[in-house]
Amino acid sequence: MNQPLLTEELLAQLQGAPLQQLSRQLGTDPDQTGNAVAAALPLLLGALGRNSAQPQGAQALYGALQRDHGGGMDLGSVLGAVLGGGTSRQTDGAAILGHVLGGAQPRAAQGLGQATGLGSGQAMQLLAMLAPIVMSFLANRSARQGLDAGGLGELLGQERTQVRQRAGGGALDALLDQDGDGDVDAGDLLNLGMGLFGGRR
């Protein structure tokens, strides 16, 4: 029996008020926002899984979680700080995205925007809002499980494998392809989110 995906756990925590806050910020309805978040979370966690597949990548991520996200802030506090426009290292979504997605940012936003009808501008805004939440979630999870860098890399590696198995790896890998030569089918990305959460919303 597979453990629940981190993606599923985090999406469950975002249901209700957090999703409504994200919707208001984006100017979209909650259903559309929910679909977009369902597609964006596996994208972000998949990227972190790929980045931490090498020991130095896992060490860098672990260091960032300890240094910038280890304050034990709950999800509501992080979201409030992000939406309130405060920029600290903990809530600077654009900077976090730069580390997580690197040169794949425009492709990821374009694919997510196409898949969800948000458009790439709003999709980038959503990714920047979710990035600090994902990092805070991982920091809290690491602390709770007593993970070191190796354990964190393993956890994210399992997550990426499960996401790819459930939703087909094509969309995830194409969006994270730094060279930009993978084709991204917007429908595949939406299926990535729906495949993970279909029927269990």
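Which glycine takes a positive phi just after helix 5? In this predicted model, that residue is glycine 85, whose phi is about 85 degrees. The protein as a whole contains eleven helices and zero strands, and along the sequence the pattern therefore reads α-α-α-α-α-α-α-α-α-α-α, with helices counted as DSSP runs of at least four residues. Of its 201 residues, 52% are buried, and the points below go from the overall fold to single helices and then to selected residues.

**Overall fold and core**

- Among the contacts in the protein with a separation of 6 or more, 76% are accounted for by residues that are 24 or more positions apart.
- The protein exposes about 8,700 Å², and carbon and sulfur atoms supply 47% of that area.
- The largest nonpolar core has 53 residues, and those with the most contacts inside it are Val37, Leu48, Leu126, Leu127 and Leu130.
- Helix 8, which covers residues 120–145, gives the largest share of this core, namely 13 residues.
- In soluble globular proteins, nonpolar side chains tend to be buried together.
- Leucine 130, one of the residues with the most contacts inside the core, touches Leu14, Leu22, Val37, Ala40, Leu41 and Leu44 when residues up to four places away in sequence are not counted.

**Helix 1 and helix 5**

- Helix 1 spans residues 6–14, and its buried residues are Leu6, Thr7, Glu8, Leu10, Leu11 and Leu14.
- Just after helix 1, glycine 16 takes a positive phi of about 85 degrees, and a positive phi of about 85 degrees is likewise given for glycine 85 just after helix 5.
- Helix 5 buries Leu75, Val78, Leu79, Val82 and Leu83; seen down the axis of helix 5, these buried residues fall within an arc of 125 degrees, so they line one face of the helix.
- An α-helix has 3.6 residues a turn, so residues three or four places apart point the same way.
- The buried residues of helix 5 pack against helix 1, helix 2 (17–26) and helix 8.

**Helix 4**

- Helix 4 runs over residues 55–68, has 14 residues and reaches 20 Å from its first C-alpha to its last, which is close to the 20 Å expected at 1.5 Å a residue.
- Its buried residues are Gly57, Ala58, Leu61, Tyr62, Ala64, Leu65 and Asp68; viewed down the axis of helix 4, the buried residues lie within an arc of 165 degrees, so they line one face of the helix.
- On the face of helix 4 that is turned away from its buried side, the exposed residues are Pro55, Gln56, Ala60 and Arg67.

**Buried polar residues in loops**

- Serine 52 is found in the loop between helix 3 (30–51) and helix 4, and it counts as buried because its relative accessibility is 4%, which is under 20%.
- A polar atom of the side chain of serine 52 lies 2.7 Å from the backbone oxygen of leucine 48, and leucine 48 is also among the residues with the most contacts inside the largest nonpolar core.
- Not counting residues up to four places away in sequence, serine 52 touches Gly57, Ala58, Leu61, Gly153 and Leu156; Gly57, Ala58 and Leu61 are among the buried residues of helix 4.
- Glutamine 90 lies in the loop between helix 5 (75–83) and helix 6 (93–101), and it counts as buried because its relative accessibility is 13%.
- With its neighbours within four places in sequence left aside, glutamine 90 is in contact with Asp68, His69, Met73, Ile96 and Pro132; Asp68 is one of the buried residues of helix 4.

**Partly exposed residues in helices**

- Serine 120 has its place in helix 8 and is partly exposed, with a relative accessible area of 40%.
- The C-alpha atoms of serine 120 and arginine 107 are separated by 8.8 Å, although the two residues are 13 residues apart along the chain.
- Leaving aside neighbours within four places in sequence, serine 120 is in contact with Ala109, Gln110 and Gly113.
- Glutamine 158 has its place in helix 9, residues 149–167, and is partly exposed, with a relative accessible area of 44%.
- Between the C-alpha atoms of glutamine 158 and glycine 46 the separation is 9.8 Å, while the two residues are 112 residues apart along the chain.

Methods:
Residues numbered from 1 in each chain as written. Predicted model: local features only at pLDDT ≥ 70, side-chain atom pairs only at ≥ 80, totals over all residues. Heavy atoms only, no water. Helix = DSSP H or I, 4+ residues; strand = E, 2+ residues; numbered from the N terminus. Expected span 1.5 Å × (residues − 1). Buried < 20%, exposed > 50% of the residue type's maximum accessible area, 1.4 Å probe, protein only. Arc of directions from axis to C-beta. Contact = heavy atoms within 4.5 Å. Areas by Shrake-Rupley, 256 points an atom, 1.4 Å probe, with all protein chains shown as cover. Core = buried A, V, L, I, M, F, W, Y, C linked by side-chain atoms within 4.5 Å. Polar contact = N/O pair within 3.5 Å; in protein donor to acceptor, adjacent residues only side chain to side chain.
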